[in-house]
Amino acid sequence: MNASHGRLEPPNFSFPLVQTAALTRLTGGGPLAKLTLIAAPTGYGKTVLQTALFRHMRAKGLAAQWIGLDERDQTVEVLLSLLESSFFEVGGALDTTPAMHQSDEPPDERIEALLGHLSRLSEPLVLFIDNISFCDDETLGPVIDALVFRTPEDFKVIIAGTREPPMNMARARLEGNLAAIGFADLAMGEAEISALFGAPLCARLGAPALQAIARQTEGWPAAIRLMQIILQAAPDPLQTLKAFSGADEDLADMLNRQVLADFDAPARQFLLEIALLRSFCVPLCQHATADPQAAEHLARVLRQNLFIIPLDRNRTWYRLHGLFREFLIGEAERAVSTERRQAVLLRAAEWCEQAGHWSDAVDYVLSAGAFDAAAGMLERVAAHFVRDRGDLRRYIRWIERLYQANVDLGWEAAFWYVWALVFHRRYEAARQQVEHLAERVEQGGSVELLRRIEVIRIIIATYTDHLREAQARGRAWLAQRGADDPFDVATVASAIGISNGAHFDLASARETFLVAQTSVLQANSAYGVGWVTALSTMVQIHEGDYAQAWPIFETALARVREALGDSAGMTGTVALVTAKCAVERGLDREARDALTIGMRRAQSHGVADTALCGLDAAVKLWASPSGEGISITELREIAASYVPRLSHMLSCLIVQRLLRLGRLDDALLEAAQIGLHLHPAKSPPAALLEYPIGRSLYTHTAIDLDIATGRLRQAEQQIAEEARLAKAEGRWGHLVELALAEMSVSLCTQNPAPAARHLTRAISYAAKRGYKRPFRDRAEQIASLVNETRPQSWGFALDEERSFFSEICRQLPIANSHLLEQLESLDVKATLLETPTSRELELLSLIEVGLSNQQLADRLSVSVATVKWHLYNLYAKLGVSSRSAALAKGRALGLLSR
């Protein structure tokens, strides 16, 4: 059956819809409440009321949309899919690559996409949701709350169910946004009963009988509708009425004696059998019942208007009223053999599978208890279910039901079950299942399937932070690659690159990401290209080269937004890494815009290190004009959805930010969470130190805390060791931060001369890489140093360094108004007037480590006067007038290592 039948349009009742008091109230001309809630037991005409109201609005030219649920629709994912189908077209099949790197799309992100669409509506709209109580998902409340409280004023919602939905009812009532309609409002009075029965039947009954009907039924529409059917066909309606009490038992008895009594045995059997089907058409009924008279039976039911509801305008698909269907199912359990019911369900499943109605097919075959047949069916359709944006939880439930029945699954069904578990981040369960599947395949499967299974192992290892395992398995897999799917090759190479990056093996990371880039281009996938671009350019971020990374990310984000939309997981991941790049370049507005996109999907898409980029950018903007709306609590929730080290790394970032904000006490409290600056000392979390990327962040945080608390000697020791590692690994951005940390230590000891040298070195590292954020974070310290240093003492060898320094200084609280002009006029031409002697070059390398003239003299066994003479000659050859300028010029000319 087409998904829209009975779901995106109201049922086509064949009887006239009565103008009830509730309908009059809702169509009386007054404005609708933001939320109209119709809550009443089964049989109170909720669907009828909504249908009448829907038709009334459409007749007046008003925009209205319909969503109808049934007993299959138990999850929020299904409701959201129907909403998406109603409001805008949603793509069907997905590449497997997106799914490999995300769970099925989380409700909150799909809600945001819907809200974005609704915010752009050009006219008022009313949304009808019928049978909401079928959805018993615990996350339903936030969906309803979003539709009610976060949509434009002229967007209205009308919801019907047997009970109140789990939403913020108190807020709706308090804000005057709720109009509640209960069973008392839906009960039919004498006037409505008369309208439903029609003049001929009312004349036969008389007013006293109508009063008795209203009294006996207490206005219950289902009972009144049933009485209409029975009394209309009765030779003596008054005599028939005397036998009716209005109790549930009487309803069942009357259905048996009066309604079904009019059907001969074959027609009655047909009704009991089609009650097993949640919806049906003539061909389905014919195939399922194998009854050659199925079309005639169905036509008779329609003629008698016997609680059957057309689901489409063409009247090809139908369903039975829920109350009537429940009765018929109960009768079928007594009157139809188990074998016959199973045969009907299996034939229905066969027809549905051939017609492409996979979900109904699987449900019917499982309802028949034919578990082996269900396993065979899932083997054929597993990839279809798991690759769709549909209800993946249902697929998992189906498979687990088969496992409970001790049914052996086929390889494809089991393979996609593992992927479904991965999508839901049930990694341990996925790991167990993949090993079980691998054992089976090794005993008789194909090499191709074994390689596909190995890809899952690699992905699970990556997402559970077993990066060494992912790296080892990935390298072995790539070494044997042949005619593998390009997505698989790109996925495996990316997993290796992620591990290389976390270990700061940046040269190897470049090599593996080149393999990923080459492979993913063969697939012509915007998703795959965006994913590999985000991961491969992480190498520049590890290096601190934001000048090179920024244009790549800026372009990549624009392309992925155009191709996939802002709600796509890949768009969010690219946006998070773009935000990191922007914030480090000092582009706060651009960083905030990227975070607005990226944070929507941060909990569901990406790996730990791409998520870390977004968290880092958000923390750096937090408590600033550009950080409005950023919540540390929400950032912690995002981090908690990943591997443990991400939460610990977030704590490091928060400590650093608190120190920049001057909140030392708060920083110390946060630091205690990861074992920093505790007395007695506490070991840091093992997960934080497992990989160099975590160890480095922990060390930088410890250095900042040591400086802030006056433990300067300990800070200097850690700076020296970390600088050695950073230089060996090519982490120039970290060298910028460490040079500035050395500057801070020097300023704390009232020693501005070495502080200026450290600042100069930091600028020499940062200028060509566009790394500005650390200088902004230390603006006050740098301003005090610049204010106390003569402009002529700043010697920069390259124009980009002078320009970079001038740009930084323009953002500083400089006391001397003429200082900036003097700084900008510095002579920075990198020319060498004469080649320095070996002794002068030795002096240059020694002053780089900060030795004083006396220390130089002692080291070289000469007098201080001789040292000064050598330095004078050196400065003249370099064309500078100070130590800092000599060092800058020496680096620019390659006389010193950078």
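## Salt bridges and cavities in a helical model

Lysine 620 and glutamate 584 form a salt bridge, with their closest N and O atoms 3.1 Å apart. Lysine 620 sits in helix 34 and glutamate 584 in helix 32, so this pair ties together parts that are 36 residues apart in sequence. As for cover, lysine 620 is buried, and glutamate 584 is buried too. Bear in mind that this is a predicted model.

Now for the overall picture. The protein has 898 residues, and 56% of them are buried. Its secondary structure amounts to 50 helices alongside seven strands. If you take the contacts with a separation of 6 or more, 71% of them come from residues 24 or more positions apart. The protein exposes about 37000 Å², and carbon and sulfur atoms supply 50% of that area.

Back to the charged pairs. The structure holds 43 salt bridges, and here are three of them, with the N to O distance for each.

| Salt bridge | Closest N to O |
|---|---|
| Lysine 620 and glutamate 584 | 3.1 Å |
| Aspartate 588 and arginine 776 | 3.0 Å |
| Lysine 877 and glutamate 840 | 2.9 Å |

Take the pair of aspartate 588 and arginine 776, whose side chains meet in a salt bridge. This one links distant parts of the chain, with aspartate 588 in helix 33 (residues 588-598) and arginine 776 in helix 43, 188 residues apart. Are its two partners buried or exposed? Aspartate 588 has a relative accessible area of 14%, and as buried means under 20%, aspartate 588 counts as buried. Arginine 776, at 31% relative accessibility, counts as partly exposed.

The side chains of lysine 877 and glutamate 840 also meet in a salt bridge. Here helix 49 (residues 864-878) provides lysine 877 and helix 47 (residues 838-848) provides glutamate 840, and the pair links distant parts of the chain, 37 residues apart. Lysine 877 and glutamate 840 are both buried.

Salt bridges can also join up: Glu435, Glu454, Arg457, Glu469 and Arg473 are linked in a network of them.

Next, the empty space. Rolling a probe the size of a water molecule over the atoms shows where such space is left. In this structure there are seven cavities of 30 Å³ or more, and the largest holds about 620 Å³ of space. Which residues lie nearest the centre of the largest cavity? They are Lys580, Asp616, Leu697, His734 and Glu737, out of the 35 residues that line it. Several helices each supply at least two residues of this lining, among them helix 32 (569-584), helix 34 (608-621), helix 39 (692-708), helix 41 (732-748) and helix 43 (773-777). Sorted by class, the lining has 16 nonpolar, seven polar and 12 charged residues.

Some of these helices turn up in the salt bridges as well: helix 34 carries lysine 620 and helix 32 carries glutamate 584, while helix 43 carries arginine 776.

The second largest cavity has about 90 Å³ of space. It is lined by 13 residues, with Gly497, Ile498, Leu535, Met538 and His542 closest to its centre. Helix 27 (486-502), helix 28 (506-523), helix 30 and helix 34 each give at least two residues to this lining. By class, the residues divide into eight nonpolar, four polar and one charged. Helix 30 (538-543) and helix 34 also each supply at least two residues to the lining of the largest cavity.

Key. Residues are numbered from 1 along each chain as its sequence is written. This is a predicted model: local features need pLDDT of at least 70, side-chain atom pairs count only at pLDDT 80 or more; totals for chains, interfaces and linings use all residues. Side-chain values use heavy atoms; hydrogens and water are left out. Helices (H or I, at least four residues) and strands (E, at least two) are DSSP runs, numbered from the N terminus. Buried means under 20% relative accessible area, exposed over 50%, partly exposed in between (1.4 Å probe, protein chains only). Contact means heavy atoms within 4.5 Å. Accessible areas come from the Shrake-Rupley method with a 1.4 Å probe; for residues, only the protein chains shown count as cover. On a 1 Å grid over the protein atoms alone, a cavity is a set of points where a 1.4 Å probe fits but cannot get out, and a pocket is an open set with protein on both sides within 12 Å along at least five of seven lines; lining residues have an atom within 4 Å of a point. Grid points are joined across faces, edges and corners, and a volume is the space filled by probe spheres set on the points. Ala, Val, Leu, Ile, Met, Phe, Trp, Tyr, Cys and Pro count as nonpolar, Asp, Glu, Lys and Arg as charged, and the others, Gly among them, as polar. A salt bridge is a side-chain nitrogen of Lys or Arg within 4 Å of a carboxyl oxygen of Asp or Glu.
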